[in-house]
Each structure stands twice: as structure tokens, then as C-alpha cells.
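Q: Could you take one part of this model and walk me through it closely, residue by residue where that helps? I would like a connected account rather than a list.

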Amino acid sequence: YLNQNFTELEDVFDKLAGKEYSIKLIKDIKNKLDSIALRKEFVFVDTKYKEIIVEKNKINVNFYLDDLEKSYVDRINIFGNFITEEKVIRNSLIVDEGDPFNKILFDKSINNLKTRGIFKTVKSEIKHSQNKENKIINITVDEKPTGEIFAGVGTGTGGSSFSAGIKEKNYLGKAITLDTNFAISDDELRGKFAVVNPNFRNSDRSLNTTIESTVSDFMTTSGYKTTRTGLSLGTGFEQYKDTYINFDISNYYEKLITSDSASQIKKKQEGDYFENLFQYSITLNKLNQTFQPT
């Protein structure tokens with residue numbers, strides 16, 4: 001392995017020389033070495049380190065790149081997914097059948113499954129195939145309830161209200177998030193339907209759709225009535241390493257009707273309105289892992 005592949009670590013070493021010892025910093029270096037090795041496609045490399053105490057209060061740390069046994073993934077077996085589609089699980093795996101087996105990427109794959117939030121437990125087992133140099137990976141998931149139905153009724157001096165809704169994080173076993181709800185009160189009627197597909201047509205892009213409507217009738221008390229209806233579409237994806245982009249476009253139609261008892265401000269606002277919004281966000285995520293990061 002050429003030294004030029006690891007030049008970015010020289011500045012890190014220079015900054016740490018003479019500083020107080022920290023196991024976290026040592027592990028950060030090891031993780032960075034692992035990341036460089038994977039980026040340079042040294043998939044059969046494992047990083048280890050050894051600490052040597054010198055002069056009683058100083059520590060030298062030597063890092064080693066060990067060659068691993070060259071093995072490939074023969075087969076990946078998935079068990080326990082009675083509701084969740086198998087492709088949802090396989091799309092979370094970084095290691096695929098036929099790929100070189102790498103422990104770092106395998107651990108990240110299991111971590112991605114745990115992050116889904118639709119499994120109670122995720123267990124894995126690595127076995128040798130008939131060709132003892134290769135691996136068979138067995139993944140066993142224990143699905144957990146992901147749906148929620150709620151309803152509520154209230155009454156008071158301000159009037160009565162009723163609300164209900166359904167939430168589901170694994171709709172149709174496709175890891176699709178569904179959120180639909182409505183609420184009724186003496187003066188208002190609200191409804192919302194939202195769907196988020198985290199991997200639309202296996203494109204590694206999320207697609208979110210929201211349709212909502214609100215009718216507020218204050219004719220008897222304040223002399224006006226408003227109706228607001230619209231929808232929004234959005235997508236998100238990883239543009240660069242650890243950098244995520246999200247775009248959302250929304251269109252809403254609002255109508256305001258007034259009576260003689262309405263205030264002058266409301267009367268001036270009477271009419272039809274169209275609201276078009278374009279929103280975007282850029283997120284930098286440097287967590288070392290998505291499930292229980294340190």
C-alpha cells in the first residue's frame with residue numbers, strides 16, 4: 001500500500017503528538033484508516049493498533065494494516081420477515097451476494113437494518129460455505145408492531161372536538177411511512193394524508209407526498225370563512241458522502257369569504273389566493289453510525 005493513500009492522516013498525527021491520551025482519539029484514527037481503506041478498495045484489510053508505554057507517562061501508538069483472508073459472499077439468507085418484503089431488507093445491505101466479504105461493511109449493513117425502526121431485533125450469523133474460503137450470511141429479524149390508530153374526543157367552554165388518525169411505519173411491508181388524520185370541531189374541519197417512500201423505485205431517493213385541507217368557518221362569530229387546500233411533493237438523496245439534499249414543492253389554494261360582520265381587515269383580504277413554495281435543505285451528517293451513534 002502506497003504511503004500517498006494515507007497522507008491525510010499525517011496532519012492528524014501531528015496534532016495529536018504531545019497531547020493527552022484519549023482512547024476516543026485512537027478509535028477515531030482507526031475508523032479513519034478503515035474509511036480510507038474502503039475508499040481505496042482495500043476490502044481485504046483490517047486495521048489494528050498496539051500501544052507501547054515509554055518513559056512512564058508517554059504512549060506510542062503503532063497502527064497496522066493486516067491482510068484478511070480473501071473471501072466472498074456466497075449467499076445471504078433472510079429469516080423472520082413475515083410482513084416486510086425481502087427487498088426492503090436487501091436494499092439496506094451494503095454487502096451483497098458475490099461481493100468481497102468485509103467485516104466493516106457487514107457491520108454497517110446490520111446497523112442500517114436496526115435503523116429502520118421496524119424490527120425488534122436483528123441477529124446475524126456468518127458461516128463458511130462449501131468453499132470454505134467464502135461466507136454464508138444468515139440474517140434473522142424479529143418484526144415489531146409499527147402501526148398506530150388513535151382517536152380523541154374533547155369538550156369545553158370553547159366547544160367540542162373529535163380527532164382520529166392512522167400511522168404506519170411499514171405500510172404494505174415496504175417500509176413506507178403513512179400518516180393520515182382528521183379533526184372536527186365546532187368551527188373547523190382539518191384533514192391530512194402523507195406518505196413517505198424512503199427508496200422510491202429502488203432509486204436510493206426518498207419521495208414524500210402530502211395532501212391536506214382545512215376549512216375554518218367563523219361566520220357566526222367573526223364573519224368570515226376560509227378554505228385552504230393543497231399538496232406538496234418532495235425528494236431527498238445523498239449527493240456526496242455524508243451530504244444530503246432535500247427538495248420540496250408545494251401548491252395551495254386558499255379562499256376567504258366575509259360577511260357584513262367581518263372586520264375591515266378581513267374584508268380587504270377577501271378573495272382567492274394561490275401559494276407556491278419551493279424549499280430545499282442541505283444536511284451534513286457526520287455520525288459514525290445511524291443506530292446508537294457514539
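A: The side chains of Asn77 and Arg75 are joined by a polar contact of 3.3 Å, and a further polar contact, of 2.9 Å, joins the side chain of Asn77 to that of Asn138. These values, like those that follow, come from a predicted model. Asn77 belongs to strand 3, which covers residues 73-79, and its relative accessible area is 19%, which falls under the 20% limit, so Asn77 counts as buried. When its neighbours within four places in sequence are left aside, Asn77 is in contact with Ile136, Ile137, Asn138 and Ile139.

Ile76 has two of those residues among its own contacts: not counting residues up to four places away in sequence, Ile76 touches Ile137 and Ile139, together with Arg90, Leu93, Val95, Asp96 and Glu97. Ile76, Ile137 and Ile139 are also among the residues with the most contacts inside the largest nonpolar core, a set of 16 residues in which Leu113, Phe119 and Val122 are named alongside them. Strand 3, helix 4, strand 4 and strand 5 each supply at least two residues of this core. Separate from it is a second core, of eight residues, which includes Phe6, Leu9, Ile29 and Phe42.

Helix 4, one of the contributors to the largest core, deserves a closer look. At 1.5 Å a residue, the 13 residues of helix 4 (residues 103-115) should span 18 Å, and the end C-alpha atoms are 18 Å apart, so the expected and the modelled values agree. At the start of helix 4, a side-chain oxygen of Asn102 comes to within 3.1 Å of the backbone nitrogen of Leu105, while just after the helix Gly117 takes a positive phi of about 75 degrees. The buried residues of helix 4 are Phe106, Ser109, Ile110, Asn111 and Leu113. In an α-helix there are 3.6 residues a turn, so residues three or four places apart point the same way. The cover over the buried residues of helix 4 includes helix 3 (86-90), strand 4 (119-128) and strand 5 (135-143).

Earlier in the chain there is a hairpin. Strand 1 (residues 45-54) and strand 2 (residues 58-67) run antiparallel and are joined by ten bridges; in one of these pairings, Ile52 has Asn60 of strand 2 as its bridge partner. Three residues lie between the two strands, and in this hairpin Glu55 takes a positive phi near 55 degrees.

Aromatic rings give another view of the model, which holds nine aromatic pairs. One of them is formed by Phe247 and Phe278, stacked at 6.0 Å centre to centre with 20 degrees between the planes, and this pair links distant parts of the chain, since Phe247 lies in strand 12 (residues 243-258) and Phe278 in strand 13 (residues 271-284), 31 residues apart. The rings of Phe278 and Tyr280 have centres 6.3 Å apart and planes at 35 degrees, so that pair is tilted. Phe247, at 31% relative accessibility, counts as partly exposed, whereas Phe278, at 51%, counts as exposed, as does Tyr280, with a relative accessible area of 58%. Together with Phe237, the residues Phe247, Phe278 and Tyr280 form one aromatic cluster.

Definitions and conventions: Residues numbered from 1 in each chain as written. Predicted model: local features only at pLDDT ≥ 70, side-chain atom pairs only at ≥ 80, totals over all residues. Heavy atoms only, no water. Helix = DSSP H or I, 4+ residues; strand = E, 2+ residues; numbered from the N terminus. Expected span 1.5 Å × (residues − 1). Buried < 20%, exposed > 50% of the residue type's maximum accessible area, 1.4 Å probe, protein only. Contact = heavy atoms within 4.5 Å. Polar contact = N/O pair within 3.5 Å; in protein donor to acceptor, adjacent residues only side chain to side chain. Core = buried A, V, L, I, M, F, W, Y, C linked by side-chain atoms within 4.5 Å. Pairing = 2+ DSSP bridges. Phe/Tyr/Trp six-rings, centres within 6.5 Å; stacked < 30°, edge-to-face > 60°.
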